[in-house]
Amino acid sequence: MGYITDRKRAVGLGSAHSGTMHHWHMIISSVALVGLVPLFVFTFGQAVGLPYDEAVAYYARPFPAIVAALTFLVGFIHFRNGVQTLIEDYVHGFARKALIIAMICLSYTAAAAGVFAVARIAL
Amino acid sequence: MGADLQARKENVMADVNRGNRPLSPHLTIYRPQLTSITSILTRITGNALLLAAMLAVWWFVAAATGPEAYARADAVITSWFGKLVMLGSIWALWYHSLAGIRHLIWDTVRMLEITQAEKLGWGVIAGSFVLTALTVAVL
């Protein structure tokens, strides 16, 4: 037994040796999103539908801008890990590999575009 | 090919048999239960949220680009179809969030008894509609 933690004891087990870390990263991002999601819904929800000048002014404020940037970043990393599990369950062979790579590219591209856009509006 | 030869070939090929092994009983075998339905819905809502996330990214990129691009993106999101997508996505977001919290609870080895797990399931379903109604009322 010793003093090793439960997670440390599970790290490296399983055929791919990486499942524990995948699960741990889902826990981290989901805890972060429990806080970020309500903040994003009630800030973004207020900005949608505003005239251009007001929408830009709204997201020039630090709080809504930081919430939006973090939500895009953490949200798309969470999606990248979640959709990988979905693909691994239902798609096999070459298509699996191709789809996982495509979804990882899409996730990081969307996160980068979202964060860049927020920064451009806010700064 | 004779049955005997087929069997022998399968035996020889056993070492390289990848991905063609028998599967454990899956979705089509089990009777639907609250726990399985709420689990499947967690996966569906989580992945379907990609659509709303991409619409949100588009809205921000358009706002960063200029008034014309913004007007186009904002008009799509605030159209009746855009509003329908957003309403569905808000429900999906609350459902997925509550279901995720349920997983965080389960990860601490709590509420794993069937009666408790089913209570959490009903809580997730009811909570998702309550939070959706609340969101619509506030915004």
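## Core and loop residues in a predicted two-chain model

Met21(A) is partly exposed because 13 C-beta neighbours lie inside 10 Å; with C-beta atoms placed from the backbone, a residue is buried at 20 or more other C-beta atoms within 10 Å of its own, exposed at 12 or fewer, and partly exposed in between. This is a predicted model, in which local features need pLDDT of at least 70 and side-chain atom pairs count only at pLDDT 80 or more, while totals for chains, interfaces and linings use all residues. Residues are numbered from 1 along each chain as its sequence is written, and chains are lettered from A in the order in which they are written.

Met21(A) belongs to helix H2 (residues 19-47) of chain A; helices are DSSP runs of H or I with at least four residues, numbered from the N terminus. Its C-alpha lies 9.8 Å from that of Lys8(A), at a sequence separation of 13 residues.

The largest nonpolar core has 42 residues, and Ala68(A), Val57(B), Phe60(B) and Ala63(B) touch the most other members. Such a core is a set of buried Ala, Val, Leu, Ile, Met, Phe, Trp, Tyr and Cys residues joined through C-beta atoms within 7 Å. H2(B) gives this core its largest share, 11 residues. Leaving aside residues up to four places away in sequence, Phe60(B) touches Ala68(A), Gly114(A), Ala117(A) and Val118(A), where contact requires backbone-placed C-beta atoms within 7 Å.

Two residues other than glycine have a positive phi.

| Residue | Phi | Loop | Other C-beta atoms within 10 Å |
|---|---|---|---|
| His17(A) | about 60 degrees | between H1 (6-10) and H2 of chain A | 10, exposed |
| Val109(B) | near 60 degrees | between H4 and H5 of chain B | 8, exposed |

Key:
Helices (H or I, at least four residues) and strands (E, at least two) are DSSP runs, numbered from the N terminus. Two residues are in contact if their C-beta atoms, placed from the backbone, lie within 7 Å.
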